[in-house]
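User: Hello! I am new to this structure, so please take a close look at one part for me, the salt bridges, and then tell me a little about what lies around them.

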Amino acid sequence: MLISEFRTRGPSGASDEFVEIYNPTTSTLTIGGLKIRASNASGTINDRVTITSGTTLGPGCRYLLANSSSGGFSGATPANQTYGNGITDDGGIAITGSNVTRIIDAVGMSSGSAYKEGNTLAPLSGTADQSYERNPAGPLQWCGYEQ
């Protein structure tokens with residue numbers, strides 16, 4: 001399970017965010033119970049959402065989680081599941097097991113974040129329709145993406 005794309009702000013402002021996860025395997029995976037957790041730049045961690053029990057994700061499929069708070073996700077694709085508490089621009093994001101100590105995948109935008117993998121990314125700023133998307137050329141490479 002990978003974080004395939006995310007943004008922490010977009011055209012509608014700081015709450016216009018989403019996290020997309022991807023199943024890169026050739027098997028259907030049970031994702032119910034997995035958590036999307038976020039860290040701020042000081043390393044404080046909070047849950048954003050627990051994926052609904054019984055949810056599975058087919059091979060090569062994606063699952064979209066989006067902020068539903070006021071000024072939240074403005075994308076045209078409806079989210080599979082929503083959360084109501086934003087992710088800081090200079091923090092980090094992780095997929096964890098239900099026990100939260102098992103980190104499945106992570107990305108970070110600052111050295112102080114509890115979640116990061118390899119080099120940290122520059123925080124998104126402004127209100128452009130942009131996101132970070134995992135580069136298919138390598139599991140630890142990320143590239144900026146603009147729709």
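Analyst: Happy to help. One cut-off comes first: a residue counts as buried when its relative accessible area is under 20%, as exposed when that area is over 50%, and as partly exposed in between. Please also keep in mind that this is a predicted model.

The structure holds eight salt bridges. Let us begin with the one between Arg-9 and Asp-89, whose closest N and O atoms are 2.8 Å apart. Arg-9 sits in the loop between β1 (2–7) and β2 (18–22), while Asp-89 sits in the loop between β8 (81–83) and β9 (92–96), so this pair ties together parts that are 80 residues apart in sequence. Arg-9 has a relative accessibility of 17% and so counts as buried. Asp-89 is buried too, because its relative accessible area is 18% and the cut-off is 20%.

Next comes the pair of Asp-47 and Arg-37, with 2.4 Å between the closest N and O atoms. Here two strands are linked: Asp-47 belongs to β5 (residues 45–50) and Arg-37 to β4 (residues 35–39), and the two residues are 10 apart in the chain. Arg-37 is buried, with a relative accessible area of 13%, whereas Asp-47 is partly exposed at 35%.

A third salt bridge joins the side chains of Arg-134 and Glu-117, at 3.8 Å from N to O. Arg-134 is in strand β11 (residues 130–134) and Glu-117 is in the loop between β10 (103–108) and β11, so parts 17 residues apart in sequence are tied together. Arg-134, at 9% relative accessibility, is buried, but Glu-117 is partly exposed at 23%.

Salt bridges can also share partners, and in this way Arg-7, Asp-16 and Asp-129 are joined into one network. Arg-7 is found in strand β1 and is buried, with a relative accessible area of just 2%. Its side chain makes a polar contact with the side chain of Asp-16 at 2.7 Å, and the Arg-7 side chain makes another with the side chain of Asp-129, also at 2.7 Å.

Now for the nonpolar surroundings. The largest nonpolar core has 23 residues, and those touching the most other members are Phe-6, Val-19, Ile-21, Ile-31, Ile-36, Leu-65 and Ile-93. Strands β1, β2, β4, β7 (62–67) and β9 each give at least two residues to this core. Ile-36 is a good place to see the nonpolar and charged parts meet: leaving aside neighbours within four places in sequence, its contacts include Val-19, Ile-21, Leu-65 and Ile-93, and also Asp-47, the salt-bridge partner of Arg-37.

Away from these pairs, Val-100 deserves a glance. Val-100 lies in the loop between β9 and β10, and its phi is near 60 degrees, a positive value in a residue other than glycine. Val-100 is partly exposed, with a relative accessible area of 27%.

Finally, a word on confidence. The chain averages a pLDDT of 87, and 91% of the residues score at least 70. Among the elements, β4 has the highest mean pLDDT (97) and strand β12 (residues 142–146) the lowest (33). Over residues 137–147 the pLDDT is below 50, although the model gives this stretch 31 contacts beyond near neighbours in sequence.

Definitions and conventions:
Residues numbered from 1 in each chain as written. Heavy atoms only, no water. Helix = DSSP H or I, 4+ residues; strand = E, 2+ residues; numbered from the N terminus. Buried < 20%, exposed > 50% of the residue type's maximum accessible area, 1.4 Å probe, protein only. Core = buried A, V, L, I, M, F, W, Y, C linked by side-chain atoms within 4.5 Å. Contact = heavy atoms within 4.5 Å. pLDDT = per-residue confidence, 0-100. Polar contact = N/O pair within 3.5 Å; in protein donor to acceptor, adjacent residues only side chain to side chain.
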